[in-house]
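Let's take a friendly walk through the sheet of this model, one pairing at a time. The structure comes first, and the notes follow.

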Amino acid sequence: MSENADNGKSGGTLIVPLDGAVEDGVHRFTARIYYADTDFSGAVYHARYLELLERGRSDYLRCLGVYHTELAGRDTPLFWVVRRMDIDFRAAARIDDIVTVETRLAELHKARIVMAQTILRDGAPILTASVTAALINDRGRPQRMPREWAALFGGTLS
């Protein structure tokens, strides 16, 4: 079966290994660091960490049942935008390292979510981040999250 043929869904919700998994409220996925991820010094270029964090957030939402394509296809299209990001770079990853990206809910609000993210190498954090994402409509205005999402995130909308 092609992992991307059904956008991770088949009759119900089928999560493919590519998406990682949520366990005890924490989403985890692993990635290998490639030559293209590094700069001239051999360390991961700082912007590549942003891409890993984005994959972590997107796959976290996907594993919970919140799909970007479904949001964009609504009568009133909805989109996630990053509103704020605080990052602490602790150590560099290098080519061929295997890293784990962890994402968890930190705060849940009516039109935004704060996610705590960590990138680990060999179980040790090399980067921590706090990311605030807002839900907007196709006119760029803040949009309330559907109430049923609170249960997906394991909280209540404040």
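## A pair in the hairpin

Thr100 stands opposite Leu120, a residue of strand E7; strands here are DSSP runs of E with at least two residues, helices are runs of H or I with at least four, and both are numbered from the N terminus. This is a predicted model, in which local features need pLDDT of at least 70, side-chain atom pairs count only at pLDDT 80 or more, and totals for chains, interfaces and linings use all residues. Residues are numbered from 1 along each chain as its sequence is written, and side-chain values use heavy atoms, leaving out hydrogens and water.

Strand E6 and strand E7 (residues 112-121) run antiparallel and are joined by 9 bridges; two strands count as paired if DSSP finds at least two bridges between them. Another bridge links Arg104 with Ala116 in E7. With 3 residues between them, E6 and E7 form a hairpin.

## The other side of E6

E6 (residues 98-108) also pairs with E4 (residues 26-32), in the antiparallel sense and over 7 bridges. Here Arg28 faces Glu102 of E6.

## The whole sheet

How are the 6 strands of the open sheet ordered? The order is E3-E4-E6-E7-E8-E5, with antiparallel pairing. Strand E3 (21-23) and strand E5 (78-89) stand at the edges with a single partner strand each, so one side of each has no neighbour in the sheet. From one strand to the next, the twist averages 30 degrees (axes are lines fitted to C-alpha atoms, for helices over the stretch in contact, and angles run from 0 to 180 degrees between N-to-C directions).
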